[in-house]
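Visitor: Could you take me through one part of this model closely, please? I would like to see how its helices pack.

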Amino acid sequence: MDFAVANAELLDLMYTVKHDPAASEALIAAAHRLGAMAEEMVAEGQRDGEVREGPADSIALPVFTTLHGFAGFAMSSVLSAEQVASGLDAVIAYMLRGCAP
C-alpha cells in the first residue's frame, strides 16, 4: 500500500498501459508473470495446508483484485491515510478467511 500511495502515477501506468494495443511483448509477458506469481503463491499456501483446495487461479483472482481495488482507493484518496492504515488489516483478514482450508 505504501508503494501504491507513494507512486500513484506509476501504478496507474503499470496497470493501464499493458492493455494498450501498442503494448510491447515484454510488458505483456511481465503482466502474465505477475499473474503466474500470484497463482504460485496460492499453490504454495495449498501445499502448506494454509489455503483451501481448489484451482489456484480461482482463489488468486479475488485475493489480488481485492488488494488492487484497495490500493486504487488508497492512491486516489478515496480513503484517508487513517482508513488505509486501519483498513488494510481488515482487508487482509477478510481475504485470509476466504482462503482458509
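Guide: Here is a walk through one helix pair, the core beside it and one residue of interest. This is a predicted model, where local features need pLDDT of at least 70, side-chain atom pairs count only at pLDDT 80 or more, and totals for chains, interfaces and linings use all residues. Residues are numbered from 1 along each chain as its sequence is written, and side-chain values use heavy atoms, with hydrogens and water left out.

Let's begin with helix α4 (residues 56-75) and helix α5 (residues 81-99), whose axes lie 10 Å apart at an angle of about 170 degrees. Axes here are lines fitted to C-alpha atoms, for helices over the stretch in contact, and angles run from 0 to 180 degrees between N-to-C directions. Helices are DSSP runs (H or I, at least four residues), numbered from the N terminus. The angle therefore makes α4 roughly antiparallel to α5 (over 145 degrees).

On the α4 side, the contact (heavy atoms within 4.5 Å) includes Ile 59 and Phe 70, and these α4 residues face a set in α5 that includes Val 84 and Cys 99.

Those four names return in the largest nonpolar core: of its 14 residues, Val 42, Val 51, Ile 59, Phe 70, Val 84 and Cys 99 touch the most other members. A nonpolar core is a set of buried Ala, Val, Leu, Ile, Met, Phe, Trp, Tyr and Cys residues joined through side-chain atoms within 4.5 Å. Helix α4 gives the most to this core, with 6 residues.

Finally, Gln 46 sits in helix α3 and is buried, with a relative accessible area of 14% (buried means under 20%, with a 1.4 Å probe and protein chains only).

Definitions and conventions
Helix = DSSP H or I, 4+ residues; strand = E, 2+ residues; numbered from the N terminus. Parallel < 35°, antiparallel > 145°, perpendicular 65-115°, else oblique. Buried < 20%, exposed > 50% of the residue type's maximum accessible area, 1.4 Å probe, protein only.
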